[in-house]
Each structure stands twice: as structure tokens, then as C-alpha cells.
Amino acid sequence: MLKAMGLVLIFLSALPTFCQSTSAYQVGTITAVTPHQGAAGSDPFGASYDVSVKVGDTVYVVLYTPPVDVGTVKYAAGRDLLVLVGEKTLTFHDQLGTGSELPILSHMTVATQSNPTPESPQLQTPIKSLALVGLPGVKDNTEGTLTVEGGKLHFSCSKGASDIAVVVMDDVVTGDDSQRVIRGTLGTISRFGPYGSGTFLSLLRSKVDTLTIQYRDANGGLHGVVFTVPAGTAESVKKELIAQGAHTSIPIQTETSAD
Amino acid sequence: MKHLFRNATALCLFTAMLCAASLLHAQGNTPKIKASAIKVEMIQSDEIHLPAEFQVALYENLIQQLEQKGNSWRVYRDGDRDSANIVDLVDLRSTVRVFKQGSEKARDVTTVAGATSITVHCQFTDNHGKVLLERDINGKVRFFGGNLKATYDFAKKAATVAQQNFSATEQAPEKLAFQSPI
């Protein structure tokens, strides 16, 4: 009898363990911050923001009202933080250890890196490219190759490489242009060729596409990079970047031109 | 007569040198504005249609040149959280006023035609929004180089203007203690 009671008590003490929902803090990444479009008559004193936080393969949009609006939350995209996802709220602890519960406005499941959508295969074939300006760790006008893999835009050249995470890209814009076939020091010297040969060589130009990217670093600082790629390839790179989470101010169907 | 002419020429030259020296001395004595750091805002072009690559090239070249011109001040980018509440921070706002996109092909073939020119209105303000300095700076490429070289020319001139008018404070940029939770 006593043994049976003991077994029942042990079972009852272990029962809550199975009933508990597995609630643990997870790493979330802030993917976007936009001003909240509140209803008329909402609090006029504090600005609120719709903060998109990606946890695993789900993006939660929560309403955040900073205690003192100095505008720094606008540049929080790209930051990681520990969050606890509840049924209707999302909890995080700030750097001072203070916990805040934010109401979840909406959530959606997105494709993960391990399951790319069939319509947008990762751009793993290297594209010959020229980094014109702005790429960190790479000198201006450096030739190399571009690939989009693992959620990053990867530029590789003989003297090194540089990566830009796709999720922090604020804008991706393409354009078209042309450049001299014979460039650099040789191109400058060839301009002075005799009997008009320099002028003739100047007419030899190749069409190129430009790829302009604006992105934010971990501190919210805005960076810009300009690449040139072979004509007709910029749109495919842009499509791939957008498929993996980059933003753009110009839809893919619209073309910009510059000559 | 010969001596009179020679003496008159020498006197004119001496007077011109004296005027130039006094002008240079006056310029050198203009007090510089103290600045512990410069924050560069993204280039604006509300009135002019500016291709995206020019906008980014202007911004990045400007930051590069300001960092190179040195004066040991810290250069912050648009939106950098570390620049919040820094004492003696100078904000640089640039707006494109004139943009004439030339043609590298025309420059190569004709030499005299096809120049690319950009005029940018640069406004330096302090933490309270008070305008410290305003200039219209022009960048152009006439003979050698692609169209984007005009942005490099502008950046060099803008950095020179900043160097001539602002001096870095001796100590590192100070910040107020407040820090936002996110």
C-alpha cells in the first residue's frame, strides 16, 4: 500500500514537468523597424514602432514604444537579442536587465536558409564584378567575383574577400552603363595613339550593369557599395538578394538606365 | 628713362607681394570651429534625379576623404548609434543642387565635350541645429576617368573645406550617459 502511494506521489510530482510548455529564451534578429501607423487619438506623446523580429523561421511583428524616443530604434535592424515568445507577447531583456513585454501584432513563417524556395536557387556561380566604391576591406576599383550564398553577398578578389549580410540591405538598385574595353593605365596611354587610333580605341566600349546596395552595420551606420557586373546579370543578383530578405525601393520589373 | 621703367616695375612687384602676404596672413588667422567628430548624412537629391550609384559614390567618397584628411576627428555615418549625444558633434548635410551627367565616350573622342559636373550644397550644423558653415561645392571630371570620378573630386574639395574650417578637439569625443534599451 505504502509502495503504491509512493509511486503515485512520484508520478504526481513529475506530472507538471510534462505539462509545462517549453518556454525558453531564443535568439531573435531584428529585421526591420517601421513607424507604427496608430489609430486616431492614440498616444501623442511617444512614437511607437513596428519591430520585426525573426526567431527561427518565424517573423514576429511587435509594437515597441521606447521610453525616451531618441530615434535610435530606427537603426536597430540587424541586431540580435534574446527573446521569449509567448502566445500574444514577446519578452526581451535590455542591456540593463529590464524585461519588457511587447504585444505581437502579427507573425508569419518564412523560408529558412536550409530550405530555399525552388524558384530562387542560390546564386553560387561566381559573377565577374568590379567593386567601384564603398566595399569594406577592399580598395576602390578592384576586380573580383560576386556570389550570393549562405544569406550573404560574397565578393572575392586576389587580395581578399568581403561579405555583406543580405538581411541588413536597405536598398538594392540596378542600372546600366558602359565602360571602355581598354581601361586603366593602358587605356589612358592608348588615347594618345597616332593617326586617330586613340580616338578609335575610345569608341570601343562594353555595356555593363551597375548594382548599388545600401545596408546598415551593427551600429546602424549606413553604408553604400557600387558594383559593376556584366550586362544582363544585375537583375538576377537583385532577384536573389530580394528572395533572401533584402529590401528595394524599385520593384524588379522597373528598370533604371543611365548612360 | 630705362632706370625709371625698371624702378617702377620693381615697385609694382613689391607692392603686389606685400598685398598677397597680408591676405594670406589674414586667412591664416581665421579661428577654426572646434569639432570632436563629424557625422555625415546621406546625400539628398530631392529636386534633382540622381542615379543611385552617384548618390552612394558621393556619400562613400566623402566619408573616405574626411577620414583621410584626418585632423584626428572621428567620422560617423548616417544612423550610427554611437554618434548619439556626442559633445561638439558637427553634422554634415549635403544636397545636390546641380547634376550634369556627361559622357565618358564624348570626353574620350572630343576631349572638350562630355564633362560631368555635380554641385552639392554642404551644410555643417552643430548638435542644436545651428548652421556653422554653408558652402556650394562643385565636383567635375573633364578629361580622364569615368563619370563617378566627379564624386571623388567633390569629396576632396569638401574635405578640404572641412579641414580649413574645423579643428579637432584634443580629447576623444565625449558622450552623455543615456543609452536606449534597443
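Q: Two strands pair if DSSP finds at least two bridges between them, so what makes strand β2 (residues 49-55) of chain A a partner of strand β3 (residues 58-64) of chain A?
A: Seven bridges join them, and they run antiparallel. Set against the cut-off, that makes them a pair. A word on the source: this is a predicted model, in which local features need pLDDT of at least 70 and side-chain atom pairs count only at pLDDT 80 or more, while totals for chains, interfaces and linings use all residues. Residues are numbered from 1 along each chain as its sequence is written, and chains are lettered from A and ligands numbered from 1 in the order in which they are written.

Q: Which other strand of chain A is joined to β3(A)?
A: Strand β6 (residues 99-109) of chain A is joined to β3(A) by five bridges, again antiparallel. Here A:Val61 stands opposite A:Ser106. On the β2(A) side, A:Val55 has A:Thr58 as its bridge partner. The hairpin of β2(A) and β3(A) leaves two residues between the strands, and A:Gly56 takes a positive phi near 65 degrees there.

Q: How do you know what counts as an element of chain B?
A: Helices (H or I, at least four residues) and strands (E, at least two) are DSSP runs, numbered from the N terminus. On that basis chain B has four helices and seven strands, in the order α-β-β-α-β-β-α-β-β-α-β.

Q: Why is α2(B) called largely enclosed?
A: A residue is buried if 20 or more other C-beta atoms, placed from the backbone, lie within 10 Å of its own (exposed if 12 or fewer, partly exposed in between). In α2(B), 14 of the 18 residues are buried, so the rest of the structure largely encloses this helix.

Q: How do you know that the span of helix α4 (residues 149-165) of chain B agrees with its number of residues?
A: The expected span is 1.5 Å times one less than the number of residues. For the 17 residues of α4(B) that gives 24 Å, and the end C-alpha atoms are 25 Å apart, which agrees. Its buried residues include B:Tyr152, B:Phe154 and B:Ala158. Among the elements covering them are α2 (52-69) and β5 (116-125) of chain B.

Q: What makes a set of residues a nonpolar core, and which residues have the most contacts inside the largest one?
A: The set holds buried Ala, Val, Leu, Ile, Met, Phe, Trp, Tyr and Cys residues joined through C-beta atoms within 7 Å. The largest has 78 residues, and A:Met169 and B:Ile38 have the most contacts inside it. α2(B) gives the most to this core, with nine residues.

Q: Why is A:Gln244 called buried?
A: A:Gln244 has 24 other C-beta atoms within 10 Å, which is why it is buried. Contact means C-beta atoms, placed from the backbone, within 7 Å. Leaving aside neighbours within four places in sequence, A:Gln244 is in contact with A:Val148, A:Gly151 and A:Val166. A:Gly151 is 93 residues away in sequence, yet 6.4 Å away in space, C-alpha to C-alpha.

Q: What makes residues 176-182 of chain B a stretch to read with care?
A: pLDDT is the predictor's confidence in each residue, from 0 to 100, and pLDDT stays under 50 over these residues. Where pLDDT is low, the predicted coordinates should not be read in detail. Chain B has a mean pLDDT of 82, with 81% of its residues reaching 70 or more.

Notes: Two residues are in contact if their C-beta atoms, placed from the backbone, lie within 7 Å.
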